[in-house]
Amino acid sequence: MRRAGLGEGGSGSYTASGYSVYEEENEHLQEGLRAKVNALKSLSIDIGTEVKYQNKMLEDMDTDFDSTGGLLGATIGRVKQLSRGSQTKLLCYMLLFCFFVFFVLYWFIKLR
């Protein structure tokens, strides 16, 4: 079998050498692909680790919000109980005191 451009003498050695060039190129491409696959694997493992960490943080935050919501609900219940009773005057004084404190803080910050 004769290929174009091979010449007449030593066609077998040229063909073997051409085959070797293709093999080397394939091995080089395989190495490049292997490196990319390893980088992708490492990246996907890092992403998985980060997702697990973020999920743990979200669960912790959910627990904190639940406990804060329970505490806030109990506090609001006590304030409602205060407003229903005969201590309405005490509640008004408490609100006026809060407004006074906020006004003093605002005035202090403005002068600074």
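Me: How many disulfides does a search of the whole structure find?
Reply: In this predicted model, Cys-92 is partly exposed at 43% relative accessibility, and Cys-98 is likewise counted as partly exposed, at 34%. A disulfide would require a pair of cysteine sulfur atoms within 2.5 Å. The search of the whole structure returns a disulfide count of zero.

Me: What percentage of the residues of the chain count as buried?
Reply: The chain is built with two helices and zero strands, and its accessible surface comes to about 10,600 Å², with 65% of that belonging to carbon and sulfur atoms. To count as buried, a residue must have under 20% relative accessible area. Of the 112 residues, the share that counts as buried is 2%.

Me: How far apart are the end C-alpha atoms of H2, and what span should its 24 residues have?
Reply: Helix H2 covers residues 88-111, and one of its 24 residues is buried, so this helix lies largely in the open. At 1.5 Å a residue, H2 should span 34 Å, which agrees with the distance between its end C-alpha atoms, namely 35 Å.

Me: Which residues does UniProt list for "transmembrane region"?
Reply: The span in question is 100% helix and 0% strand, and its end C-alpha atoms lie 29 Å apart. The annotation comes from an unreviewed UniProt entry, which lists residues 90-109.

Me: What accessible area does the nonpolar patch on the surface have together?
Reply: Phe-103, which is placed in helix H2, is exposed with a relative accessible area of 55%. Phe-103 belongs to a nonpolar patch on the surface whose members include Phe-97, Trp-107, Ile-109 and Leu-111. Taken together, the residues of this patch have an accessible area of about 1,200 Å².

Me: Which residue forms a salt bridge with Glu-31?
Reply: Side chains of opposite charge can pair when their charged atoms come close. Glu-31 is partly exposed at 47% relative accessibility, and its partner, also in helix H1 (residues 11-84), lies three residues apart from it, about one turn of the helix. The closest N and O atoms of this pair are 2.5 Å apart, and the partner of Glu-31 is Arg-34.

Me: How far apart are the closest N and O atoms of the salt bridge that Lys-56 forms with Asp-60?
Reply: The structure holds two salt bridges, and Lys-56 and Asp-60, being four residues apart in helix H1, are separated by about one helical turn. Lys-56 is partly exposed, with a relative accessible area of 49%, and Asp-60 is partly exposed as well, at 38%. The closest N and O atoms of this salt bridge are separated by 3.3 Å.

Terms used:
Residues numbered from 1 in each chain as written. Predicted model: local features only at pLDDT ≥ 70, side-chain atom pairs only at ≥ 80, totals over all residues. Heavy atoms only, no water. Buried < 20%, exposed > 50% of the residue type's maximum accessible area, 1.4 Å probe, protein only. Areas by Shrake-Rupley, 256 points an atom, 1.4 Å probe, with all protein chains shown as cover. Patch = residues over 30% accessible without salt bridge, like charges linked within 9 Å, V, L, I, M, F, W, Y side chains within 5 Å. Salt bridge = Lys/Arg side-chain N within 4 Å of Asp/Glu carboxyl O. Expected span 1.5 Å × (residues − 1). UniProt positions renumbered as here; feature names shortened; annotations may be inferred.
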